[in-house]
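Q: Could you take a close look at one part of this structure for me, and then walk me through what lies around it and elsewhere in the model? I'd like it as one connected story.

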Amino acid sequence: MKYLRRTTLALVATALAAPLAMAQPAPKLKVGLMLPYTGTFAALGNAIENGFRLYVNEQGGKLGGREIEFFKVDDESSPPKATDNVNKLIKRDQVDVLIGTVHSGVAMAMAKAAKDSGTLLIVPNAGADAVTGAMCAPHIFRSSFSNWQPAYAMGEVVAKKGHKTAITVTWKYAAGEESVNGFKEAFEKSGGKVLKQLTVPFPNEEFQALLTEIASTKPDAVYTFFAGAGAVKFVKDYAGAGLRKSIPLYGAGFLTDGTLEAQGAAADGLLTTLHYGDELGSKRDADFRLAYAKAYKLQPDVYAVQGYDAAQILAIGLNAVKGDISKKAEFAAAVEKAKIDSPRGVFTLSKSHNPVQDIYLREVRGNANKVIGVASKALSDPGRGCKM
Ligand code: BEZ
């Protein structure tokens, strides 16, 4: 009898406690932002974080039913510090997901750490071909581009314009080298010839010797990859050397994205290729731009879009697993079949998890990278070396 009474009391207590237990909110999702907040790519890192937070705020601060807790590391775009930096997020902060980064060399170290630890990684900029090539993995995604994509599209554009010879100029590191190689691949396939491939160490901004060499070689065209503060300096120096009149300058769109105010008239008329641009004309993009401008009193650029879309990818996966990020296969399956409703236009992910997307041809007009056409429709990176 005594036993029965005790059991009944225990059951009543359990019954009363159950709804309380069920009402417990899921623990916050720990998101590790590893981005450059200092150095030549600082503005890019800030724009990515702004875009990411904008999407989270539009969802009421929750993704997949879970509130977000941010952990931040400034990676300084420094490859030698990259492994220590990413381990601060993985081991010290024990984040659920890594978002990063801008610099290709740093991103490759992140991808290795993400593979070793099994941590989910979404790359919101760095184009390192290997991230969705030889280093690809079921839990690594990219919301941006591969270095090959805008460069390959520009190689075709420059050849179609009738140019027969070109010089490439860039920083000597993975992104620069992969970008000029992508350009060369398409340009030479179409009958052009790259005469010289000039480089300066990253993030050097001393361009005079290269400009002198371009002037004396006299190619039909120059193709370049620079971004952030380095892009501002290169465009001004190219115009300052008087080369704009004699040798047309082309570039991957990072040359003029987020940089036009600082470049001023020196950038006028430049043609670049990229997966985003100004005045795309869609309601989706107009709404995004208005919301971004309201939130940050700034105009968005490609980096802001990529940050926003990194959050969208995370949300798609998390919604499919109801916030349980340990269900990696289901998370990946949902993202793999998603049509991502980006301000750039709807895109899907390739087998190796890189965006399959339109690459726009843009022309600088005043402070805008005006879209004047589609250089390459639904361009998919070849994903060389990816076994998945
Ligand atoms: C990169 O390192 O992959 C990169 C940096 C800035 C803009 C675009 C690409």
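A: Let's begin with Ala 239, which sits in helix α8. Bear in mind that this is a predicted model. Is Ala 239 buried or exposed? Neither label fits: its relative accessible area is 26%, so Ala 239 counts as partly exposed, given that buried means under 20% and exposed over 50%. Leaving aside residues up to four places away in sequence, Ala 239 touches Arg 244 and Ala 266. There's also Ala 267, which is 28 residues from Ala 239 in sequence, with a C-alpha to C-alpha distance of 8.1 Å.

Helix α8 (228–240) also leads us to the largest pocket, where it supplies at least two residues of the lining. The same goes for α2 (42–58), α9 (260–263) and α10 (283–296). Of these, α2 brings the largest share of the lining, six residues. The pocket's volume is about 620 Å³, and 26 residues line it. Which of them lie nearest the centre of the largest pocket? Those are Gly 258, Thr 259, Glu 261, Gln 299 and Asp 301. Sorted by class, the lining of this pocket is a mix of eleven nonpolar, ten polar and five charged residues.

Now for the enclosed space. Searching the whole structure for cavities of 30 Å³ or more turns up one, and the largest cavity holds about 80 Å³. It is lined by 15 residues, with Val 102, Asn 125, Phe 145, Tyr 173 and Phe 225 closest to its centre. By class, the lining of the largest cavity has eleven nonpolar and four polar residues, and no charged ones.

Tyr 173 comes up again around His 103, as one of the residues that His 103 touches. His 103 belongs to the loop between β4 (97–99) and α4 (104–117), and its relative accessibility is 2%, so it counts as buried. Apart from residues up to four places away in sequence, the other contacts of His 103 are Phe 41, Ser 77, Pro 79, Ala 126 and Phe 202.

Next up is helix α12 (residues 328–336), whose buried residues are Phe 331, Ala 332, Ala 334 and Val 335. Why do these end up on the same side of α12? Because the arc they cover around the axis is only 160°. As general background, an α-helix has 3.6 residues a turn, so residues three or four places apart point the same way. The cover over the buried residues of α12 includes two strands from earlier in the chain, β5 (120–123) and β6 (140–142), along with α11 (302–320) and β13 (345–349).

Those strands β5 and β6 bring us to the last stop, the disulfide. There is one in the structure, formed by Cys 136 and Cys 386, with their sulfur atoms 2.1 Å apart. It ties together distant parts of the chain, 250 residues apart: Cys 136 is in the loop between β5 and β6, while Cys 386 is in the segment after β15 (368–379). The torsion about the S-S bond is about 85°, so this disulfide is right-handed. As for accessibility, Cys 136 is at 6% and therefore counts as buried, whereas Cys 386 has a relative accessible area of 23% and is partly exposed.

Note on methods: Residues numbered from 1 in each chain as written. Predicted model: local features only at pLDDT ≥ 70, side-chain atom pairs only at ≥ 80, totals over all residues. Heavy atoms only, no water. Buried < 20%, exposed > 50% of the residue type's maximum accessible area, 1.4 Å probe, protein only. Helix = DSSP H or I, 4+ residues; strand = E, 2+ residues; numbered from the N terminus. Arc of directions from axis to C-beta. Contact = heavy atoms within 4.5 Å. Disulfide = S-S within 2.5 Å. 1 Å grid on protein atoms, 1.4 Å probe; cavity = no way out; pocket = protein on both sides within 12 Å on 5 of 7 lines; lining within 4 Å. Points joined across faces, edges and corners; volume = space filled by probe spheres on them. Nonpolar A, V, L, I, M, F, W, Y, C, P; charged D, E, K, R; others polar.
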